[in-house]
Amino acid sequence: MPLDLASLLTFATAAVLYAGLLNGRWRGWALLIGSTLAIYWLQPPLAPRFADYVLPTATLALAILGWLLTRPPDVESRQTTLREDRLTLVVLFVLAVGMAFNRYLDAAYRLTASRPPSPLWTAVILLGLGGLFLLSARLAAKADQRRVLSGGILFMVVVFVALKTAVLSTAVAQLWRTLTGQNPALAAPTDLAWLGFSYVAFRLIHTLRDRQTGLLPALSLREYVTYIIFAPAFIAGPIDRAERFVQDLRALPHMVGLDAARFGEAGLRIASGLFKKFVIADSLAQGMSLTAVNAAQATSTLGLWMLLYGYALRLYFDFAGYTDMAIGLGLLFGIRLPENFDRPYLKSNITTFWQSWHMTLSSWARFYVFTPLSRSLLRRKPRPSPTLIVLVAQIATMTTIGLWHGISWTFFIWGLWHGVGLFVHKQWSDRTRKWYRELAEKPWQKRAWTLFSWFVTLQFVVLGWVWFLLPELGLAAATFGKLFGFGW
Amino acid sequence: MNEEQTIREKLRAFITRELIRDESYNLGDDEGIVTGGLMDSFSLAEFGVYVEDEFNIYIPDSDLTVEKLDTLNQMVARIQRDLGA
């Protein structure tokens with residue numbers, strides 16, 4: 001994750017100026033403009049020419065497209081915000097073309113990672129793209145909105161698969177390099193490491209689906225784009241929900257600027273995040289956690305378990321620390337992002353683990369995979385057995401979460417591992433519910449049982465990380481075997 | 001019985017019979033059904049389908065959550081709200 005101390009300091013300085021100097025009614029605009037600049041600035045350099053300029057621009061284009069498709073069907077609500085939406089469009093256009101002027105700056109002063117394409121060409125292409133969008137929006141307005149939205153979701157899934165599957169993304173990179181006159185033979189799957197895309201895709205799908213079910217509130221273009229690209233949550237979440245995010249956004253004009261309580265809370269959150277990420281996680285990264293290299297070099301079962309535990313802790317502290325920083329930064333700007341972790345390694349069953357690990361992703365998967373799939377299977381005539389429905393729904397949900405991290409066999413197996421784990425836990429708890437309730441009257445036995453369940457759950461989660469961490473199926477399988485003493 | 005009580009008793013019967021699968025269980029009005037470990041996310045989906053069939057109300061997927069539907073009181077209030085609307 002490219003968030004380092006320097007960028008954190010920049011964010012914090014911007015936040016102080018924003019809260020202290022800016023008139024309340026300009027805060028919303030400042031978040032849009034600041035976040036737009038930030039997504040160009042945070043994008044790390046990419047080898048294919050212009051990619052580190054084009055991809056952030058494509059993020060903006062996707063956000064605008066998402067807004068066009070999710071506008072409420074009634075005409076009235078469209079007209080009231082029309083003027084502001086036009087202004088937003090102009091602002092985004094000026095910013096995108098303005099970023100191309102980084103081309104003429106010395107590398108040290110550039111906001112983009114490498115030299116962007118010519119501003120004139122950029123402007124022409126963006127205007128063409130804008131025309132195309134407006135035309136398709138006109139056509140879409142006449143079509144059945146449900147279908148158009150399904151098409152939008154499908155489009156996002158296709159782009160996601162193309163970028164997250166190594167073979168496909170290499171092919172795209174080859175094509176890109178051919179177009180820009182670079183050597184296509186050098187194309188690699190990491191060529192198009194599009195910053196924030198996984199999160200952007202899931203936010204977009206959430207709004208498209210919620211428009212279909214009528215849950216999405218009417219949003220202005222400014223609100224919608226800010227929700228999609230809000231800088232503190234852009235790199236690695238949390239995945240907020242649009243209706244919650246805009247509540248905070250709409251309250252910004254009346255927010256107390258330099259509120260000591262808010263700044264204090266944010267400061268503590270950021271400090272806690274810094275400690276978790278840069279002290280604990282980064283120390284564990286110094287040889288105390290499992291990697292593809294030391295997995296192959298380990299010489300004993302015990303040593304391998306220690307490394308695996310080191311990795312489990314490192315992953316948690318890295319991600320939870322990052323989330324603390326994102327939430328703290330969000331607070332500085334007046335947006336309270338949702339929590340993402342709730343002491344996951346202390347839970348005593350796999351279901352509560354998933355209610356406390358990467359919570360915004362697991363809720364997303366529950367809303368858009370698990371519940372709709374379970375419901376539609378429950379509605380089938382004849383109705384399949386509930387056991388089968390649960391199995392199918394759990395596996396579909398967890399493999400979606402797995403593949404969201406990258407489309408590979410190891411992530412698939414990791415998803416399957418947890419899908420089966422959740423299924424088994426449900427079968428178990430359905431059958432032992434009465435027994436478990438009666439356990440409440442025997443405090444000592446209950447304590448012992450909780451301790452035992454916690455231990456089993458933790459081993460299950462930690463073993464799962466082998467598939468999550470090691471990208472190569474053979475190495476992951478060999479390491480997994482070695483943890484049980486096989487294959488030394 | 002008034003409307004509210006009818007809804008409440010229908011739900012209580014459905015939940016203890018189909019979801020908790022223990023009809024002898026004495027389910028309280030304000031008892032956390034999901035947080036208390038009596039029901040899970042899948043049961044919430046089953047609840048959604050039941051409400052659709054029984055009351056002709058569609059509760060969207062993102063409203064089938066612990067926060068919104070953890071107790072009988074919350075469920076009854078939700079159904080009454082949708083019936084009234």
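These are my notebook entries on a predicted model with chains A and B.

**Entry 1. The interface**

I began with the contact between the two chains. On the chain B side 25 residues are in contact, and on the chain A side 21 residues. I then looked up the area. The two chains bury about 2,100 Å² between them, and carbon and sulfur atoms account for 54% of it. I noted the usual convention here: the size of an interface is often given as the accessible area lost when the parts come together.

Next I looked for charged pairs across the interface of chain B and chain A, and the rule finds seven salt bridges. One of the pairs I opened is D430(A) with R21(B), where the N to O distance is 3.6 Å. For polar contacts between chain B and chain A, the count is eight residue pairs, both residues at pLDDT 80 or more. I asked which element of chain B supplies the largest share of its side of the interface. The element is helix α2 (residues 41–55), with nine residues. By class, the side of chain B that touches chain A has 11 nonpolar, seven polar and seven charged residues.

**Entry 2. A salt bridge between the chains, and its network**

I looked at E52(B) and R379(A), which form a salt bridge with the closest N and O atoms 3.6 Å apart. E52(B) sits in helix α2 of chain B and R379(A) in helix α16 (residues 359–379) of chain A, so this pair joins two chains. E52(B) has a relative accessible area of 22% and is therefore partly exposed. R379(A) is also partly exposed, at 30%. Following shared partners, I found one network of salt bridges made of R375(A), R379(A), E52(B), D53(B) and D61(B).

**Entry 3. Salt bridges within chain A**

Over all chains the rule gives 33 salt bridges. I checked two inside chain A. E243(A) and R241(A) meet at 3.0 Å, N to O. Is each partner buried or exposed, or in between? E243(A) is partly exposed at 28% relative accessibility, while R241(A) is buried at 17%.

The other is E339(A) with R269(A), at 2.8 Å, N to O. E339(A) lies in the loop between α14 (301–332) and α15 (350–354), and R269(A) lies in helix α12 (residues 260–284), so the salt bridge ties together parts of chain A that are 70 residues apart in sequence. E339(A) is partly exposed, with 37% relative accessibility.

**Entry 4. Aromatic pairs**

I searched the whole structure and got 43 aromatic pairs over all chains. In chain B, the ring centres of F14(B) and Y50(B) are 3.8 Å apart and the planes are at 10°; the pair is stacked because that angle is under the 30 degrees cut-off. F14(B) belongs to helix α1 (residues 3–19) and Y50(B) to helix α2, so that the pair links distant parts of chain B, 36 residues apart. Both rings belong to buried residues: F14(B) has a relative accessible area of 8%, and Y50(B) comes to 13%.

In chain A I noted one aromatic cluster, whose members include Y316(A), F341(A), W357(A), F411(A) and W465(A).

**Entry 5. D191(A)**

I located D191(A) in the loop between α8 (166–179) and α9 (197–212) of chain A. D191(A) is buried, at 6% relative accessibility. What does its side chain meet in a polar contact? The partner is the side chain of R177(A), at 2.8 Å. Beyond neighbours within four places in sequence, the contacts of D191(A) include L46(A), A47(A), P48(A) and L186(A).

**Entry 6. Backbone exceptions**

Most residues other than glycine have a negative phi, and most peptide bonds are trans. I listed some exceptions. The bond from G237(A) to P238(A) is cis, with omega near 0°, and P238(A) is in the loop between α10 (221–229) and α11 (242–251) of chain A. K381(A) and P382(A) are also joined by a cis peptide bond, with omega about -10°. P382(A) lies in the loop between α16 and α17 (386–404).

For positive phi I noted R343(A), at about 45°, in the loop between α14 and α15 of chain A. R343(A) is exposed, with a relative accessible area of 57%. H358(A) has a phi near 40° and lies in the loop between α15 and α16 of chain A. H358(A) is buried, at 2% relative accessibility.

Note on methods:
Residues are numbered from 1 along each chain as its sequence is written. Chains are lettered from A and ligands numbered from 1 in the order in which they are written. Side-chain values use heavy atoms; hydrogens and water are left out. Contact means heavy atoms within 4.5 Å. Buried area is the accessible area (1.4 Å probe) that two parts lose on being put together, summed over both. A salt bridge is a side-chain nitrogen of Lys or Arg within 4 Å of a carboxyl oxygen of Asp or Glu. A polar contact is a pair of N or O atoms within 3.5 Å; within protein, one must be able to donate a hydrogen and the other to accept it, and residues adjacent in sequence count only if both atoms are side-chain atoms. Helices (H or I, at least four residues) and strands (E, at least two) are DSSP runs, numbered from the N terminus. Ala, Val, Leu, Ile, Met, Phe, Trp, Tyr, Cys and Pro count as nonpolar, Asp, Glu, Lys and Arg as charged, and the others, Gly among them, as polar. Rings of Phe, Tyr and Trp (its six-membered ring) pair if their centres lie within 6.5 Å; planes under 30 degrees apart count as stacked, over 60 as edge-to-face and the rest as tilted. Buried means under 20% relative accessible area, exposed over 50%, partly exposed in between (1.4 Å probe, protein chains only).
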